[in-house]
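Please open the model in your viewer and keep the sequence panel visible. This tour proceeds by selection, with a description of what is found at each stop.

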Amino acid sequence: WAQAAPAALQPRGAFTSLAPTRYHPYAPPKSAKAKGNKAKGGPKPHTTGPVMAVKIQPMPQGVTNQQLAEVFAAFGDVESAVVKAGTPSFGYVNFTAPESAQAAAAAEQIELKGQWCTVTLGKARNVPAAEPGPTNGIGLFNLPFDITEEVLQELLAQHEGFQVVKMVHRKGGDFSGYAFAYFDTVENAENARALLYGLVMGEQQVDVKFSTKSLEELQ
């Protein structure tokens, strides 16, 4: 085997799922198999990152994460490698640069323990969009499903410049678990966001972000 490569870690990016407890538009997209309080529709801003991984299959019996990393270190710096059991078994190698993944995939096949394995590019990573800058609106996410507009009005009316709150509902009429509040100035929205930081409603921690939606879009 080649010289020792960086210690194998758990795979990241396209090979792990970042699933928040409740959907909101600035959270990473959920896995299609995720269960729970998942709101349908609504914006899901994210960008597609570079492909920095390859998939190897079938994987010969007995190949370890470390051995897989050592072999693919010939194509560039390896961030992590993992062998997955299955029929057939397969593996993933994550590189630190997309050029390394492309070079490995260009080889098309590689020999491991006397067996030829197919090498293909992995999936592109979904990169969460950055939180928008200050606006005159804030989004309140991870709200209890049984909260009422009256409760939100009472809460937000304590903050200077508050104008209106809009709860977001699904097509069937059920509350989606988040709402948008608007203020007369960006400064007042900033102050309200700062004061609402750490807010707990029921047993849920409310996530407060600046809104990318204007009030007109929600009318």
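**First stop: helix 2 and what covers it**

Select helix 2 together with strand 2 (53–57), helix 1 (65–72), strand 4 (90–95) and strand 6 (115–121), which are among the elements covering the buried residues of helix 2. Here, contact means heavy atoms within 4.5 Å. Helices (H or I, at least four residues) and strands (E, at least two) are DSSP runs, numbered from the N terminus.

The model is predicted: local features need pLDDT of at least 70, side-chain atom pairs count only at pLDDT 80 or more, and totals for chains, interfaces and linings use all residues. Residues are numbered from 1 along each chain as its sequence is written, and side-chain values use heavy atoms, with hydrogens and water left out.

Which residues of helix 2 are buried? In helix 2 (residues 98–107) they are S100, A101, A104 and A105. These residues cover an arc of only 130° around the axis, which puts them on the same side of helix 2; the arc is that of the directions from the helix axis to the C-beta atoms. An α-helix has 3.6 residues a turn, so residues three or four places apart point the same way. Now colour E99 and A106, which are exposed on the other side of helix 2. Buried means under 20% relative accessible area, exposed over 50%, and partly exposed in between (1.4 Å probe, protein chains only). Just after helix 2, select E108, whose phi is positive, near 70°.

**Second stop: the five-stranded sheet**

Next, display the open sheet of 5 strands in the order 3-4-2-6-5, in which the pairing is antiparallel. Two strands pair if DSSP finds at least two bridges between them. Strand 3 (78–84) and strand 5 (109–112) stand at the edges with a single partner strand each, so one side of each is left without a neighbour in the sheet. On average, neighbouring strands of this sheet are turned by 25° against each other, direction ignored. Axes are lines fitted to C-alpha atoms, for helices over the stretch in contact, and angles run from 0 to 180 degrees between N-to-C directions.

Select I56 and look to both sides. I56 stands opposite G91 in strand 4, and it also stands opposite V119 in strand 6. Strand 2 is joined to strand 4 by 4 bridges, and 4 bridges likewise join strand 2 to strand 6. Then move to strand 5, which 4 bridges join to strand 6; Q109 stands opposite T118 there. The hairpin of strand 5 and strand 6 has 2 residues between the strands, and K113 in this hairpin takes a positive phi near 50°.

**Third stop: helix 1 on the sheet**

Helix 1 lies across strand 2, strand 3, strand 4, strand 5 and strand 6, and runs at about 130° to strand 3. How many of its residues are buried? In helix 1, 6 of its 8 residues are buried, namely Q67, L68, A69, E70, V71 and F72. They pack against strand 2, strand 3, strand 4, helix 2, strand 5 and strand 6.

**Fourth stop: a second sheet**

Now select the open sheet of 4 strands, in the order 9-10-8-13 with antiparallel pairing. Strand 9 (162–169) and strand 13 (207–210) stand at its edges, each with a single partner strand, so one side of each is left without a neighbour in the sheet. Strand 9 and strand 10 pair over 6 bridges, and V164 stands opposite Y182 in strand 10. Add helix 3 (residues 149–156), which packs on the sheet and touches strand 9 and strand 10; its direction makes about 150° with that of strand 9.

**Last stop: the aromatic rings**

Finally, show the aromatic side chains, where the structure holds 6 aromatic pairs. Rings of Phe, Tyr and Trp (its six-membered ring) pair if their centres lie within 6.5 Å; planes under 30 degrees apart count as stacked, over 60 as edge-to-face and the rest as tilted. F90 and Y92 form an edge-to-face pair, 5.6 Å centre to centre with 80° between the planes. Y92 is buried, with a relative accessible area of 15%.

The rings of F141 and Y178 have centres 5.5 Å apart and planes at 35°, so this pair is tilted. The pair links distant parts of the chain: F141 lies in strand 8 (residues 137–141) and Y178 in strand 10 (residues 175–183), 37 residues apart. F141 is buried at a relative accessible area of 0%, and Y178 is buried at 3%. Add F180 to complete the view, as ring pairs link F141, Y178 and F180 into a cluster.
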